[in-house]
Amino acid sequence: MYHCGLLLVLLDLSLDVVGSVSQLEIDRHLELGREFLAKGQLQDALSHYHAAVEGDPNNYLTYYKRGTVYLALGKAKFALLDLDRVLELKPDFTSARLQRGNVLLKQAQFDKAEADFRDVLAVEPNNLDAYNALYKIAPAQEDLRIVDKLMRNGDYTAAAQQLTRIIEICPWSAELRERRAECYEALEDYISAISDIRSTTKLQSDNTQGFLKLASLHYRLGQVEESLKEIRECLKLDPEHSKCFSFYKKIKQIAKLLTEAETAKEGNDHNKCIKSAESILRLEPSAVNVRFTAHQLLCKCYTETSEPSLAIKNCQEAVSIRKEPGVFCDKAEAYLAAEMFDDAIRDFKEALEIDPNLQRAKQGLHKAQQRQKLSESRDYYKILGVPRTASKRDIIKAYRKAAQKWHPDNFKEGEEKKRAEKRFIDIAAAKEVLTDDEKRAKFDQGEDPLDPESGKHQQGFNPFQEFHHFHGSPFQFKFHFN
């Protein structure tokens with residue numbers, strides 16, 4: 001009997017020790033949580049409050065402290081769960097009820113918030129915080145009714161303004177931000193819509209619809225890579241989401257083609273650029289800003305392949321979507337390639353109307369005006385019958401052919417010979433300019449490096465010496481310049 005009594009005493013003592021150690025551990029977590037909270041290290045504080053709650057799941061103060069950390073982290077959903085638990089354990093905890101009412105009001109849960117504020121005022125009639133919060137509810141509810149009417153009537157500008165006033169009171173309401181995003185979308189203010197939808201993905205951690213909407217809005221703006229990023233976030237949350245997966249497949253293909261086209265353009269593989277951009281237009285018949293990018297690529301790449309008519313067509317399509325100064329410059333360059341100087345000058349001026357400081361437009365306008373002036377005199381490319389993109393090898397080949405044909409020794413004395421002499425001089429001048437990188441660059445910019453009036457004409461230019469240098473000639477003849 002004695003032994004049994006001793007065993008019971010020892011067992012009671014051991015239980016007391018275990019209990020005291022457990023409470024010490026809980027107190028240590030609470031103290032560390034408080035210290036981390038004071039330092040602003042919220043995640044560390046949250047970890048210790050988690051441990052304290054697990055150690056004592058019936059301590060209302062621990063739930064309250066953890067709920068406070070959740071609020072600081074912007075996790076209102078979890079904060080509400082903790083505040084609910086606090087009020088289950090201690091219904092007369094007025095501070096917790098006031099805190100919950102404020103969270104509910106910020107989420108636009110007006111009826112529940114009102115109930116909490118009235119309960120607080122029933123206990124503390126002079127609680128100004130509860131009274132002031134309660135005072136905001138009725139006007140916000142009335143504003144929301146007005147929003148419903150405005151949206152039904154299609155007055156999205158006024159509805160968005162009204163929603164902004166409500167959101168100032170209820171910043172944690174995903175629903176209100178979704179409605180304002182709907183207004184912005186109707187007004188084609190997609191940037192503002194994106195901002196609101198992005199907020200909903202932060203307010204609701206499992207918001208797959210939000211990420212799908214973000215992807216759609218970015219795509220509508222032609223921001224394909226951003227769209228791809230958002231749709232991947234949707235699939236991270238739900239890999240089986242049918243709408244997200246379907247949209248992902250389409251965007252991924254468009255993004256791949258855009259990358260190929262851009263890379264090809266930068267690498268001067270203009271035919272590949274054209275092929276990829278044309279594929280984008282076939283795959284995407286309606287998203288105008290995605291099509292804009294494809295048309296702009298085609299505008300630039302067709303210009304480089306000396307297909308000015310196709311370049312101009314795609315430039316015009318791009319300008320019809322976005323009247324941006326850079327696109328007007330692209331179109332002007334296409335007109336220059338087609339030697340349509342008046343049109344090129346007009347478009348460079350159009351770009352400068354939008355951005356008076358755009359250097360590309362200033363330089364392009366000068367080049368177009370100089371090229372127009374040159375077109376009234378000698379065009380070395382035309383003289384040799386080569387395109388502006390011709391290689392040096394092609395230029396020399398064309399020069400040899402033309403020089404053989406128009407060498408004055410091939411013609412009898414008289415007007416015919418004089419015409420041949422003039423033509424031969426032009427051919428040799430064209431060779432001199434177009435086979436010299438520096439002179440060719442000047443000519444392409446609208447300056448004739450052999451123009452005596454420019455003061456830069458190279459002295460001692462001899463067309464026959466140039467001809468003999470590239471092609472031995474048996475011709476012997478005297479040149480007369482009178």
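1. In this predicted model, isoleucine 231 touches Leu212, Ala215, Cys244, Phe247, Tyr248 and Ile251, not counting neighbours within four places in sequence. Ile231 also belongs to the largest nonpolar core, a set of 112 residues, where it ranks with Phe117, Tyr219 and Val224 among those having the most contacts inside the core. The greatest contribution to this core comes from helix H13 (residues 242-266), which supplies 10 residues.

2. Another core, of 20 residues, lies apart from the one just described. Its members include Tyr380, Ala390, Phe424 and Leu450.

3. Helix H17 merits a separate comment. Its 13 residues (325-337) should span 18 Å at 1.5 Å a residue, and the distance of 19 Å between its end C-alpha atoms therefore agrees with expectation. Of these 13 residues, 10 are buried, including Pro325, Phe328, Tyr335 and Leu336. The buried set also contains the charged residues Asp330 and Lys331.

4. The packing partners of the buried H17 residues are four helices: H15 (288-304), H16 (308-321), H18 (341-354) and H19 (359-375). Just after H17, glutamate 339 adopts a positive phi of about 60°.

5. On confidence, the protein chain has an average pLDDT of 86, and 89% of the residues score at least 70. Residues 1-21 stay under 50 and have zero contacts beyond four places in sequence. Over residues 455-461 the pLDDT is likewise below 50, but this stretch has 16 contacts in the model beyond near neighbours in sequence. Where pLDDT is low, predicted coordinates should not be interpreted in detail.

Notes
Residues are numbered from 1 along each chain as its sequence is written. This is a predicted model: local features need pLDDT of at least 70, side-chain atom pairs count only at pLDDT 80 or more; totals for chains, interfaces and linings use all residues. Side-chain values use heavy atoms; hydrogens and water are left out. Helices (H or I, at least four residues) and strands (E, at least two) are DSSP runs, numbered from the N terminus. The expected span of a helix is 1.5 Å times one less than its number of residues. Buried means under 20% relative accessible area, exposed over 50%, partly exposed in between (1.4 Å probe, protein chains only). Contact means heavy atoms within 4.5 Å. pLDDT is the predictor's confidence in each residue, from 0 to 100. A nonpolar core is a set of buried Ala, Val, Leu, Ile, Met, Phe, Trp, Tyr and Cys residues joined through side-chain atoms within 4.5 Å.
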